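Welcome! Take a moment to look over the sequence and turn the model around, and then use the briefing below as your guide.

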Amino acid sequence: PNPVPVDSLRPNGTWYYRYALPGVYSFSDTGTHVIPVKNTHSSADNCNNTEDVSFSIEVKMNPTARFSVGHSGCVLDSVRFNSPSNTGNGYTVNSWSWTFPDASTSSLANPVKLFNSTGPQNIRLRVITTEGCVGDTLQAIPVFAKPSASFDVAPQSICEGGSLNFSSSSSFGGPTPVRTWYWNYGNGNTA
């Protein structure tokens with residue numbers, strides 16, 4: 001069967017035709033691959049009317065989707081997701097597709113999200129590069145309940161002019177302990 005050109009042009013009176021190679025080509029290894037093509041036509045300028053040409057195709061490793069998170073760790077605090085505009089392995093990211101555990105999505109490079117539940121939150125990021133290559137990742141981020149504020153008072157009763165000792169028994173289930181306290185005694189004094 002004779003191939004049909006997809007395009008043609010005629011500079012300086014000579015016709016040039018552009019053809020699409022038939023089929024789909026898949027590559028299992030990275031690197032530069034050479035695709036040989038034999039052109040045969042009665043007007044080819046050689047004895048057997050053929051010409052051997054080759055095309056070099058560079059096959060890169062899949063892009064790496066990656067992101068970092070800015071977050072206090074507490075439920076109902078905003079989580080800031082940051083994905084770079086390059087993949088770290090030679091690609092430029094053209095689009096982002098985030099999927100969150102509640103089935104909501106975002107196409108922003110750096111979305112902000114609130115989580116209403118505690119526990120590990122599985123975040124999926126799929127990036128598409130300017131070349132059309134796809135990379136994706138799934139990363140769990142921990143979300144903890146808000147700190148529990150509680151304190152003890154000693155002694156339980158005092159005489160007028162006496163002193164009380166307040167001690168915190170507050171806790172937080174996250175990766176860092178409670179580090180600061182704000183005490184409001186209800187009489188205009190704070191600590």
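**Starting from one threonine**

Apart from residues up to four places away in sequence, T105 touches W98, T99 and F100. T105 sits in strand β8, which covers residues 105–106. Keep in mind as you explore that this is a predicted model.

**The chain as a whole**

- The chain has 13 strands and 0 helices, so if you read along the sequence you meet β after β, in the pattern β-β-β-β-β-β-β-β-β-β-β-β-β.
- How does the radius of gyration of the chain compare with that of a compact globule of 191 residues? The chain has 33 Å, whereas such a globule would have a value near 16 Å.
- Along the principal axes, the C-alpha atoms occupy a box of roughly 120 × 30 × 25 Å.
- Among contacts with a separation of 6 or more, 43% link residues that are 24 or more positions apart.

**Surface and charge**

- Of the 191 residues in the chain, 18% are buried.
- The accessible surface is about 13,700 Å², and carbon and sulfur atoms account for 51% of that area.
- The chain carries 11 positive and 12 negative side chains. The centres of these two sets are 3 Å apart.

**The largest nonpolar core**

- In soluble globular proteins, nonpolar side chains tend to be buried together.
- Here, the largest nonpolar core has 15 residues, and F81, W98, F115, I123 and L125 are the ones that touch the most other members.
- Which strands each supply at least two residues of this core? They are β6 (79–82), β7 (93–99), β10 (119–129) and β11 (134–143).
- I123 is a good residue to click on: leaving out residues up to four places away in sequence, its contacts include F67, F81, W98, F115, L138 and I141. Its partners also include T99, F100, P101, T137 and Q139.

**Two threonines to compare**

- Is T87 buried or exposed? T87 has a relative accessible area of 3%, and because the cut-off for buried is under 20%, T87 counts as buried.
- T87 is found in the loop between β6 and β7. Setting aside neighbours within four places in sequence, T87 is in contact with P63, T64, R66, V93 and T129.
- T105, by contrast, is exposed, because its relative accessible area of 59% is over the 50% cut-off.
- T105 and S169 are 64 residues apart along the chain, and their C-alpha atoms are separated by 39 Å.

**Backbone features to look for**

- Most residues other than glycine have a negative phi, and most peptide bonds are trans.
- L76 is not a glycine, yet it has a positive phi of about 70°. L76 lies in the loop between β5 (68–70) and β6, and at 45% relative accessibility L76 is partly exposed.
- A103 also has a positive phi, near 75°, in a residue other than glycine. A103 is placed in the loop between β7 and β8, and it counts as exposed at 62% relative accessibility.
- Where is the peptide bond that is cis, with omega near -10°? That bond runs from A154 to P155, and P155 lies in the loop between β12 (151–154) and β13 (165–168).

Conventions:
Residues numbered from 1 in each chain as written. Predicted model: local features only at pLDDT ≥ 70, side-chain atom pairs only at ≥ 80, totals over all residues. Heavy atoms only, no water. Helix = DSSP H or I, 4+ residues; strand = E, 2+ residues; numbered from the N terminus. Rg over C-alpha atoms; globule rule 2.2 N^0.38 Å. Buried < 20%, exposed > 50% of the residue type's maximum accessible area, 1.4 Å probe, protein only. Contact = heavy atoms within 4.5 Å. Areas by Shrake-Rupley, 256 points an atom, 1.4 Å probe, with all protein chains shown as cover. Lys, Arg positive; Asp, Glu negative; His and termini not counted. Charge placed at Lys NZ, Arg CZ, Asp CG, Glu CD. Core = buried A, V, L, I, M, F, W, Y, C linked by side-chain atoms within 4.5 Å.
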